Amino acid sequence: MTLQFPIREYAKFLPRKVADDIPFSKSQVPSLLDLFSLTKDSPQGQDMIDVINQCEFPPNKGETKACPTSLESMLEFVHSVIGSETNYSTHSTSHPTPSGARLQNYTVLDISKDIYAPKWVACHPRPYPYALYYCHYLDIGSKIFKVLLKGEDGDIMNALGICHLDTSDMNPNHFIFDLLGMKPGDAPLCHFFPVKHILWVPRPPVATPVATM
């Protein structure tokens, strides 16, 4: 497989009280551009507008989403989807070098067993003046697993993969369908998580031993 795993730098979380006091809506874009000394035509200004539009766009059918700007609000969203009494694990794609892995051919060395994930939350960092994640859950059936890859230059990647099994209600205008030459509902859709993107899943239940007489 021909893949690349670039590493992009993202802003750090602000304290929740500070982040919550900053407006976040399309109607506030002019004042937000002024606040961060950006112009709407600059790359950073365009990123800001795109992120706000993505966060305010209605969720797709079967999707639950949020755009947390603090660790606390991220955890609150995870709790709302998976359950507040649940213990969690996080998974991500690991990388061998600080600069990431360039575009190259990879050989699949191993594919893990499916990761236990009756529900999950994927959190994707977005380019914004302070830390902001696009977090969501798609209730369309999924398989989650790790894939051990070896690049032609020797890079070893332990990549987090997910397959969305029922794509019939996904947005037909999503770029991935053009990229793959397919339409929603044609087939499952699988992808790897980029570096620094996070997947939250519940830990598997521990079997309670049965007492014998």
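This passage walks through a sheet, the residues around one of its edge strands, and a patch on the surface.

The model is predicted, so to speak, by computer alone: local features need pLDDT of at least 70, side-chain atom pairs count only at pLDDT 80 or more, and totals for chains, interfaces and linings use all residues. Residues are numbered from 1 along each chain as its sequence is written, and side-chain values use heavy atoms, with hydrogens and water left out.Start with the sheet. Its 5 strands form an open sheet in the order β2-β6-β5-β10-β3, with antiparallel pairing. Helices (H or I, at least four residues) and strands (E, at least two) are DSSP runs, numbered from the N terminus, and two strands pair if DSSP finds at least two bridges between them. The edges are β2 and β3 (88–91), each of which pairs on one side only. On average, neighbouring strands here are turned by 20° against each other, direction ignored. Axes are lines fitted to C-alpha atoms, for helices over the stretch in contact, and angles run from 0 to 180 degrees between N-to-C directions. Helix α4 packs on this sheet, touching β2, β3, β5 (121–125), β6 and β10 (198–202), and its direction makes about 40° with that of β10. Contact here means heavy atoms within 4.5 Å.

Now for the β2 edge. Strands of a sheet pair through backbone hydrogen bonds, either parallel or antiparallel. Strand β2 is joined by 4 bridges to β6 (residues 133–138), and the two run antiparallel. Lys65 stands opposite His136 in β6. Ala66 sits in β2 and counts as partly exposed because its relative accessibility is 22%; buried means under 20% relative accessible area, exposed over 50%, and partly exposed in between (1.4 Å probe, protein chains only). Not counting residues up to four places away in sequence, Ala66 touches Phe77, Tyr133, Tyr134 and Cys135. Ala66 and Phe77 are 11 residues apart in sequence and 7.1 Å apart in space, C-alpha to C-alpha.

Next comes the loop between β2 (63–66) and α4 (71–82), where Thr69 lies. Thr69 is buried, because its relative accessible area is 11%. Leaving aside neighbours within four places in sequence, Thr69 is in contact with Phe13, Leu14, Ala19, Asp20, Tyr130, Ala131 and Leu132.

Last, the surface. Ile111 belongs to strand β4 (residues 100–111) and counts as exposed because its relative accessibility is 53%. Together with Met1 and Val108, Ile111 forms a nonpolar surface patch with about 290 Å² of accessible area. Patches are made of residues with over 30% relative accessible area and no salt bridge, where like charges are joined within 9 Å and nonpolar side chains (Val, Leu, Ile, Met, Phe, Trp, Tyr) within 5 Å. A salt bridge is a side-chain nitrogen of Lys or Arg within 4 Å of a carboxyl oxygen of Asp or Glu. Accessible areas come from the Shrake-Rupley method with a 1.4 Å probe, and for residues only the protein chains shown count as cover.
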